[in-house]
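Me: Please take one helix of this structure and look at it closely. Then place it in the rest of the chain, and explain each term when it comes up.

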Amino acid sequence: MNTINDYCFTQRFKNEASMYPEYTPARVTSQHKGLYRIAAQSGEILAEISGKLRYESTDLSQYPAVGDFVMVSVPDGSQRAVIHKVLSRKSIFMRKAAGTDVQTQVIAANIDVIFICMALNNNYNLSRLERYISTGLDSGAQPVVILTKSDLCEDASEKLSEVRRVAKWCDVIVTSAFDSGTKEKILTFAKPGITASFVGSSGVGKSTLINLLAGEELLKTNETGKLDKGHHTTTSREMFSLPCGAAVIDTPGMRELGIASANVEAAFSDIEELVTQCRFSDCTHTNEPGCAVIKALNDGVIDTRRIDNYRRLKREAQYNGLDSKAIENAKLSNMFKEIGGMKNVRKYIRDNDKRRNTK
């Protein structure tokens with residue numbers, strides 16, 4: 001039975017845990033509705049959060065999540081531990097919780113590497129990849145892109161070039177069912193003491209890769225279905241200890257990754273650089289004269305898809321943490337900003353007319 005020492009209990013967390021001698025340190029390895037499975041010094045046990053911690057948690061993100069280091073106690077005669085405190089997180093990958101305006105959901109905590117998996121068959125979607133990269137860059141962990149099922153793609157080289165252009169801050173790994181070097185490529189990042197998380201859509205091969213690293217079938221996998229789409233097999237987040245000394249977190253496939261916190265500026269640094277070159281400081285990059293973004297689009301330097309996704313993610317990041325009324329106000333503000341952009345256009349036209357009339 002695994003203990004906390006099998007799950008990358010580094011000195012950083014040992015030092016913080018020593019501040020609470022009345023409790024025992026543990027790491028959350030899985031979550032099942034209201035219960036958690038934790039690994040403590042004595043082994044693995046189910047746990048629930050204390051009434052005080054539940055009362056003091058005002059957002060879903062403050063509840064324990066897979067990857068968290070927590071302080072627990074085990075009441076006499078009980079088969080369950082009680083979680084009293086969540087230790088400070090060094091990194092956090094999260095999204096906007098489904099069905100809410102302001103709540104955030106932690107996908108994985110205290111991770112060093114995020115493996116963003118995307119298949120090169122019908123799952124291929126650059127806009128979705130940019131969304132994951134933006135969130136990954138903001139998490140505090142190192143995002144690494146894994147392109148799976150390259151053997152099912154006729155234009156893998158072309159797609160790889162596209163991915164490298166949008167993932168300029170990330171290492172990119174290409175894998176296939178016939179690539180005997182896949183394990184070694186991933187272990188370059190999943191080193192001893194490292195916690196990694198696999199994220200991506202359903203059926204891209206996350207469970208298959210984890211089984212490959214573990215050297216055994218830890219997770220159930222299904223055959224590829226119609227249209228080369230894999231079946232969804234993972235239903236909850238779960239952490240596993242690997243023989244190499246690393247730990248990995250498997251996550252369910254996410255149809256939507258709502259932006260809770262993202263580094264859009266880094267993920268779209270090429271567009272951000274263009275923004276600084278626009279004629280007007282409040283340029284909306286839609287129809288203003290002297291807009292460097294529009295010029296780059298017309299020159300073929302960037303494409304419409306990337307600009308549209310940049311605008312979309314910027315808006316989502318701006319609305320993060322706002323209630324419905326504040327979101328509506330922000331939308332109105334953006335609308336008036338665009339109107340202000342039109343004023344700049346009209347002023348530019350008037351000034352040009354004046355210059356022509358004085359000649």
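Reply: Start with helix H3, residues 126-139: its 14 residues, at 1.5 Å each, should span 20 Å, and its end C-alpha atoms are indeed 20 Å apart, so the two values agree. The expected span is 1.5 Å times one less than the number of residues, and helices (H or I, at least four residues) and strands (E, at least two) are DSSP runs, numbered from the N terminus. The model is predicted, so local features need pLDDT of at least 70 and side-chain atom pairs pLDDT 80 or more, while totals for chains, interfaces and linings use all residues. Residues are numbered from 1 along each chain as its sequence is written, and side-chain values use heavy atoms, without hydrogens or water.

At the N-terminal end of H3, Asn125 acts as a cap: one of its side-chain oxygens is 3.1 Å from the backbone nitrogen of Ser127. This counts as a polar contact (N or O atoms within 3.5 Å, one able to donate a hydrogen and the other to accept it; residues adjacent in sequence count only if both atoms are side-chain atoms). Just after the helix, Gly140 has a positive phi of about 100 degrees.

In between, H3 is mostly covered, with 11 of its 14 residues buried. Buried means under 20% relative accessible area, exposed over 50%, and partly exposed in between (1.4 Å probe, protein chains only). Among the buried residues of H3 are Leu126, Leu129, Tyr132 and Ile133, but also Glu130 and Arg131.

Leu129 leads on to the interior. The largest nonpolar core has 62 residues, and Leu129 is listed with Ile38, Ile83, Val145 and Val163 as having the most contacts inside it. Such a core is a set of buried Ala, Val, Leu, Ile, Met, Phe, Trp, Tyr and Cys residues joined through side-chain atoms within 4.5 Å. Apart from this core lies another, of 22 residues, including Ile173, Ala196, Ile210 and Val248. In soluble globular proteins, nonpolar side chains tend to be buried together.

Ile210 belongs to a second covered helix, H6 (residues 206-214), where it is one of the buried residues. Seven of the nine residues of H6 are buried. They pack against S8, strand S9 (142-148), H5, S11, strand S12 (238-241) and strand S13 (247-250); contact means heavy atoms within 4.5 Å. Like H3, H6 is followed by a glycine with a positive phi: Gly215, at about 75 degrees.

Strand S8 also takes part in an aromatic pair. Five such pairs are found in the whole structure. Rings of Phe, Tyr and Trp (its six-membered ring) pair if their centres lie within 6.5 Å; planes under 30 degrees apart are stacked, over 60 edge-to-face, and the rest tilted. Phe115 and Phe189 have ring centres 6.4 Å apart and planes at 80 degrees, so they are edge-to-face. Phe115 is in S8 (residues 113-119) and Phe189 in the loop between H5 (182-187) and S11 (195-200), so the pair ties together parts 74 residues apart in sequence. Both Phe115 and Phe189 are buried.

For the wider setting, the protein has 11 helices and 13 strands. Of its 359 residues, 47% are buried. Among contacts between residues at least 6 apart in sequence, 67% join residues at least 24 apart.
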